[in-house]
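Student: Could you show me how to read the overall shape and the domain layout of a protein model?

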Amino acid sequence: MDDGRKVLVVVMDGLGDRAVKSLGQRTPLQCANKPNLDWFAANGTSGIMDVISPGVRPGSDTSHLALLGYDPFEVYTGRGPFEAAGVGLVGKPGDVAFRCNFATVDSDMNVIDRRAGRIKTPDTTMLASAINGMQLGNITATVREATEHRAVLILEGPDLSPYVSDVDPHALSSIQSSEPLRPEALVTAQAVNEFVHKAHEILRDHPVNRRRIEEGLVPANALLPRGAGVFPNIQSFQERYGISASGVAGVSLIRGICRVCGLEVIEETGCTGGTDTDMDAKACAALRELERKDFVLMNVKATDVNSHDGDPRSKIESIERLDSMAKIIKDSIPEGAIVVLTADHCTPVELGDHSGDPVPLTIYSDDSIKDDVTSFDEISCARGALGRIRGVNLMPILLDKANRSEKFGA
Ligand code: ZN
Ligand code: ZN
């Protein structure tokens, strides 16, 4: 079968919501003016989706793994590897990665500034390179600066385990010793502690820090690892599904998820003008990618940010900007392509955090069986013909609709 169709998945981060009092018990999606999102619902097939499992509150990392068809309960042990991949460091299966902060500690290793005066590059770049490649017995430490005061650490060597506690005290108190949370993690915990102390010795006297002190700035004399996770041993997207794929995302963590799953990550450019160049540019980049790839996932973050801020009015405005973005997509859908509109989780504005509620879902193609749904929102989609599915069900459904699935049986 060689008439495979292209697939574009539009993930609107934290889009779904609950009844909001200040909106007369309606959701931001129900209140927004969104004729283009509604056009997809009216011409496609809709449903709702438990991205991880009913009632489970997803992180953006575990939810995107599920949307790409990987079981997060199997492949996810912590955020570290995906943050590392987000800045371009993709380790081998078995390597253990951490998120880190550059911090300021006193001579007794008490944390006095968890962000080292909000240090940033080029200082962090020079400090990271001073401790990059450190040997801890037969374990090698790779360090790379990330945004602002952040960095990532990858440990590479035999018998590593992600089941170690955080060094970062998450408060202004003494640096924590990394402890094994399982017996097999003893070697890893020891390596982390050795790394933290050796890094402190190197950073303490580093010229960048001497200069910072002369300038009246706090030194970044410690690195605090947290969020350990192991790089999973997973088939790349291409091997697993036999299709080429790209990810378009502004958020580093989502780029990291895409990279670990073997998608090519696109740093979007182009598409000038319009009221929101950011979203419009993203849609243009995704459509451009769709010309050369079989599958494109794009993530748009704004609605999640509005929700964490607890601001229903700006969430409605973001949805209306998403609607203009949807018009760009609607006007240039490649022949026969499948377009999916959904979210990675709900982020109810009154809660200000992610919830385990199901998200709305519409799958559009020019041969969709139309159901009675004419509005893209939480309530209308729940009446759609797709019913209620789980996140890991999405990829098999899309592969089938794209005429790319294997027949089961004769
Ligand atoms: Zn998210
Ligand atoms: Zn969020």
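We go from the whole chain to its two domains and then to the interface.

Tutor: Happy to! Keep in mind that this is a predicted model.

Student: What secondary structure does the protein chain have?

Tutor: Counting elements is a good start: the protein chain has 15 helices and 14 strands.

Student: How do I read the radius of gyration of the protein chain?

Tutor: Set it beside what the globule rule gives. Here the radius of gyration is 23 Å, close to the 22 Å from the rule for 410 residues, so the protein chain is as compact as a globular protein of that length. Along the principal axes, its C-alpha atoms fill a box of roughly 65 × 55 × 40 Å.

Student: Into which domains is the protein chain divided?

Tutor: Domain 1 comprises two segments, 7–76 and 235–401, while domain 2 covers 83–229. Their C-alpha centres lie 34 Å apart. Six residues from domain 1 and six residues from domain 2 make the contact.

Student: What area is buried between domain 1 and domain 2?

Tutor: About 470 Å², with carbon and sulfur atoms giving 60% of that area. On the domain 1 side, Ser252, Leu253 and Arg259 supply 75% of the area buried against domain 2, more than any other three residues.

Student: How many salt bridges and polar contacts are there between the domains?

Tutor: The rule finds zero salt bridges across the interface of domain 1 and domain 2, but three residue pairs are in polar contact. By class, the side of domain 1 that touches domain 2 has two nonpolar, two polar and two charged residues.

Terms used: Residues numbered from 1 in each chain as written. Chains lettered and ligands numbered in written order. Predicted model: local features only at pLDDT ≥ 70, side-chain atom pairs only at ≥ 80, totals over all residues. Heavy atoms only, no water. Domains from an automatic or database assignment. Contact = heavy atoms within 4.5 Å. Buried area = accessible area lost by both parts, 1.4 Å probe. Salt bridge = Lys/Arg side-chain N within 4 Å of Asp/Glu carboxyl O. Polar contact = N/O pair within 3.5 Å; in protein donor to acceptor, adjacent residues only side chain to side chain. Nonpolar A, V, L, I, M, F, W, Y, C, P; charged D, E, K, R; others polar. Helix = DSSP H or I, 4+ residues; strand = E, 2+ residues; numbered from the N terminus. Rg over C-alpha atoms; globule rule 2.2 N^0.38 Å.
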